Amino acid sequence: MVSPVTVMITGAAGQIGYALAPQVCRGAMLGPDTPIILHLLDIAPAETALKGVAMELVDAAYPLVKKIVATVNLEEACKGVDVAVMVGGFPRGPGMERKDVMAKNVAIYKGQASALQEHASPDVKVVVVANPANTNALILSNYAPKIPKENVTCLTRLDHNRALGQVSERTGVPVSDVKNCIIWGNHSSTQYPDVNHATAGGKSVRELVNDDEYLNGEFVTTVQQRGAAIIAARKFSSALSAASSVCDHVRDWVHGTPEGTWTSMGVISPGGDAGYGVEAGLMYSFPVTCAGGKWSIVQGLAIDDRSRSLMDATAAELKEEKTMAEELIAA
Ligand code: NDP
């Protein structure tokens, strides 16, 4: 009998939360045999909506779900948590500057860090979704020093999956046979979706597509701007695919990446060659493999000059965000 795993979702009454909770309860995150204790957290103004989500989850009668806690109390929500999915965050409203959103969210993530390290399981695995995801994760990690640094990550799996999807659409190869795209850097429009090491149906994507102008241009901008394209088409943000990619991120982290494939995750850069020259301590998306519940950055990939400059540009943005966040916290 497998022991239940306690999963917390913050911002659980929001769009992504609503799409994510049922996927977790169905076993998409931790597998069909792992019982789930689900902790749903939101802020007081969303309390009624949160109760509504919990009611629907009860009504769905998921066999894997052993208990649902829906609360606006941060400490209660963090208690005994094994996997924390941090979706809650202040959205960027009309007329808001990036700095205004950053100020709101770094304060939230600094506050949640201490509750997590005090009340969650000591080896809690954390994935931050709320934007600016990389910098929120970095702040959380810095203010929760008892949580091992490698246990705090941010989500770039949606961007990774978008890249796989675009290659599949272009080549006609089913997405399950497209492998080893990479998202480098920030979960923002400076991210660098890289196909230099990717394969489709076992063949090099560069050779199969045979159109560098497309792969270096339209492909990159399509992946970078996919979120905006979905909002334009649907009038709502991409909650379904975001939720699905959260499940992929945690599943691969816990159960391992399939043999011969890697994924992309925002993780703390070790600096030096092991971190592809990205400054140590930045929360940067790298190609990683996972085994035994741990991720490792894929080593030794050849980086051409074009990739280098794109990787450096997104690192520069992260460095600027980090400085801004530190200044906002100090103010
Ligand atoms: P969503 O559920 O749509 O999004 C939540 C967060 O995820 C946002 O920061 C959003 O960034 C980010 N995000 C990352 N990737 C994606 C993606 N691909 N598509 C969409 N969003 C993405 O927002 P809602 O407003 O519906 O829900 C937010 C919840 O958080 C609410 O329930 C609210 O009550 C709660 N909240 C919690 C706070 C706290 O914990 N203190 C503070 C404020 C709100 P972006 O805004 O850039 O789209």
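**Exercises: a buried methionine and its surroundings**

**Exercise 1.** In this predicted model, decide whether methionine 102 is buried or exposed.

*Solution.* Start by counting: methionine 102 has 23 C-beta neighbours inside 10 Å. A residue is buried if that count is 20 or more. Methionine 102 therefore counts as buried.

**Exercise 2.** Find where methionine 102 sits and which residues it touches beyond its sequence neighbours.

*Solution.* First, locate the residue: methionine 102 belongs to helix α4. Next, set aside everything within four places in sequence; the contacts left are Pro132, Thr135, Met324, Ala325 and Leu328. You can also check a distance: the C-alpha atoms of methionine 102 and phenylalanine 90 are 8.8 Å apart, with their positions 12 residues apart along the chain.

**Exercise 3.** Describe how α4 meets helix α5.

*Solution.* Begin with the axes of α4 and α5 (residues 133-142), which come within 8 Å and cross at roughly 35°. The crossing is right-handed. Now look at the residues: on the α4 side, Met102 is one of those taking part, while α5 offers Thr135, Asn136, Ile139 and Leu140. Sorted by class, this contact has 6 nonpolar, 4 polar and 1 charged residues.

**Exercise 4.** Work out where the largest nonpolar core lies relative to the two domains.

*Solution.* This core holds 92 residues, and Val85, Val128 and Val129 have the most contacts inside it. Helix α4 (residues 98-119) gives the largest share, 6 residues. Domain 1 (5-154) and domain 2 (156-320) both contribute residues, so the core lies between them. To finish, zoom in on valine 128: among its contacts are Met86, Ala133, Leu140 and Cys154.

Definitions and conventions
Residues are numbered from 1 along each chain as its sequence is written. This is a predicted model: local features need pLDDT of at least 70, side-chain atom pairs count only at pLDDT 80 or more; totals for chains, interfaces and linings use all residues. A nonpolar core is a set of buried Ala, Val, Leu, Ile, Met, Phe, Trp, Tyr and Cys residues joined through C-beta atoms within 7 Å. A residue is buried if 20 or more other C-beta atoms lie within 10 Å of its own, exposed if 12 or fewer, and partly exposed in between; C-beta atoms are placed from the backbone. Helices (H or I, at least four residues) and strands (E, at least two) are DSSP runs, numbered from the N terminus. Domain bounds come from an automatic or database domain assignment. Two residues are in contact if their C-beta atoms, placed from the backbone, lie within 7 Å. Axes are lines fitted to C-alpha atoms, for helices over the stretch in contact, and angles run from 0 to 180 degrees between N-to-C directions. A crossing is left-handed if the near helix is turned anticlockwise from the far one by less than a right angle, and right-handed if clockwise. Ala, Val, Leu, Ile, Met, Phe, Trp, Tyr, Cys and Pro count as nonpolar, Asp, Glu, Lys and Arg as charged, and the others, Gly among them, as polar.
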